[in-house]
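Subject: Structure handover

Hello,

Here is the structure for your files. My notes on it follow below.

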Amino acid sequence: MTDLSRRERKKKETREKIFSNAMHLFRMQGFTATSVEQITQYADVGKGTFYNYFPTKEAVILEFSRRTCQDLIINGRQKTSLGTRQRLRTLLQDWAEFMIKDREIAWVTVRNREGADYDMSLHYGLLAILTVGQQNREISREFDPAFLAESLEGMMVQHFIRWFVSGVGDLHEEVNHALSVFLDGLAEKRQEA
């Protein structure tokens, strides 16, 4: 039993070593300029070992995105005293900051949004906030919250793509404007007396 736990611990350490060294190289010289061979040399592991843990360089980026989004969601969950609008704004501003800070890495994440490895953390975080917003009657219950989360996530990703490709604008500002349009359209209608 101890051998198994030691083996599992060693596997986890190796995965983390590959991951952290790859991220260091991506940030230092860029994703495109970094090869799997460079990662394995830097991490002091064989190419086969790399592929045992990550099928591609993109898989390392998807792992990074998954971890980052989960951290953003955890931080957002700790702010339960805020209303729906403010919780969404805080989450999406943190997301925009990640996208700006790790621009090239974020671009790789967005380009690889298809397939089984796609990280759904942002979607589920938005879904949780929107569901509570509907329960608290802060936003309309006319639409399924999963549809709303998907729509909002799609808007944010589209704004990031436009910002990344054009190289102009303020992503924080754009995220705020898009969120305002989205939420103003979903505001719970008040019955006039």
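The protein has nine helices and zero strands. Read from the N terminus, its elements follow the order α-α-α-α-α-α-α-α-α. Please keep in mind that this is a predicted model. Of its 193 residues, 42% count as buried. Among the contacts with a separation of 6 or more, 68% are between residues 24 or more positions apart.

Helix pairs

I looked at two packings, both of which involve H8.

The first is between helix H5 (residues 84-101) and helix H8 (residues 145-166), whose axes come within 12 Å and cross at roughly 30°. Since angles under 35 degrees count as roughly parallel, H5 and H8 are therefore roughly parallel to each other. The crossing in which H5 passes H8 is right-handed. On the H5 side, the contact is made by Leu88, Leu92, Trp95, Met99 and Ile100. On the H8 side, the residues are Leu152, Met156, Val157, Phe160 and Trp163. Sorted by class, this contact of H5 with H8 consists of ten nonpolar residues, with no polar and no charged ones.

The second packing is between helix H6 (residues 103-111) and H8, with axes 11 Å apart and an angle of about 130°. That angle makes H6 oblique to H8. The crossing of H6 and H8 is left-handed. From H6, the residues Arg103, Ala106, Trp107 and Val110 take part. They meet Val157, Phe160, Ile161, Trp163, Phe164 and Val165 in H8. By class, the contact of H6 with H8 divides into nine nonpolar residues, no polar ones and one charged. The charged class includes Arg, and Arg103 is on the H6 side of this contact.

Val157, Phe160 and Trp163 of H8 are among the residues in the contact with H5, and Val157, Phe160 and Trp163 are also among the H8 residues that meet H6.

Helix H2 and the residue after it

Which residues of helix H2 (residues 36-43) are buried? They are Val36, Ile39, Thr40 and Ala43. Viewed down the axis of H2, the buried residues fall within an arc of 95°, so they line one face of the helix.

H2 is followed by Asp44, which has a positive phi, near 60°. Asp44 is located in the loop between H2 and helix H3 (47-53). With a relative accessible area of 64%, Asp44 is exposed, as the cut-off for that class is over 50%.

A second residue with positive phi

Most residues other than glycine have a negative phi. Arg137 is not a glycine, yet its phi is positive, about 60°. Arg137 sits in the loop between helix H7 (121-135) and H8. Is Arg137 exposed or partly exposed? Its relative accessibility is 45%, so Arg137 counts as partly exposed.

Asp44 is likewise not a glycine, and its positive phi is about 60°. You may want to look at both residues in the backbone angles.

Three buried residues in helices

Thr90 is part of helix H5. Its relative accessible area is 17%, so Thr90 is buried; the cut-off is under 20%. Leaving out residues up to four places away in sequence, Thr90 touches Lys79 and Leu82. The C-alpha atoms of Thr90 and Leu72 are separated by 9.3 Å, and the two residues are 18 residues apart along the chain.

Cys69 lies in helix H4 (residues 57-77). At 6% relative accessibility, Cys69 is also counted as buried. From C-alpha to C-alpha, Cys69 and Phe98 are 9.1 Å apart in space, while in sequence they are 29 residues apart. Phe98 falls within the residue range of H5, 84-101.

Glu174 is in helix H9 (residues 171-186). Which class does Glu174 belong to, buried or exposed? At 14% relative accessibility, Glu174 counts as buried. Apart from residues up to four places away in sequence, Glu174 touches His159, Arg162, Val168 and Gly169. His159 and Arg162 lie within the residue range of H8, 145-166.

That is what I have on this structure for now.

Regards

How values were computed: Residues are numbered from 1 along each chain as its sequence is written. This is a predicted model: local features need pLDDT of at least 70, side-chain atom pairs count only at pLDDT 80 or more; totals for chains, interfaces and linings use all residues. Side-chain values use heavy atoms; hydrogens and water are left out. Buried means under 20% relative accessible area, exposed over 50%, partly exposed in between (1.4 Å probe, protein chains only). Helices (H or I, at least four residues) and strands (E, at least two) are DSSP runs, numbered from the N terminus. The arc is that of the directions from the helix axis to the C-beta atoms. Axes are lines fitted to C-alpha atoms, for helices over the stretch in contact, and angles run from 0 to 180 degrees between N-to-C directions. Angles under 35 degrees count as roughly parallel, over 145 as roughly antiparallel, 65 to 115 as roughly perpendicular and the rest as oblique. A crossing is left-handed if the near helix is turned anticlockwise from the far one by less than a right angle, and right-handed if clockwise. Contact means heavy atoms within 4.5 Å.
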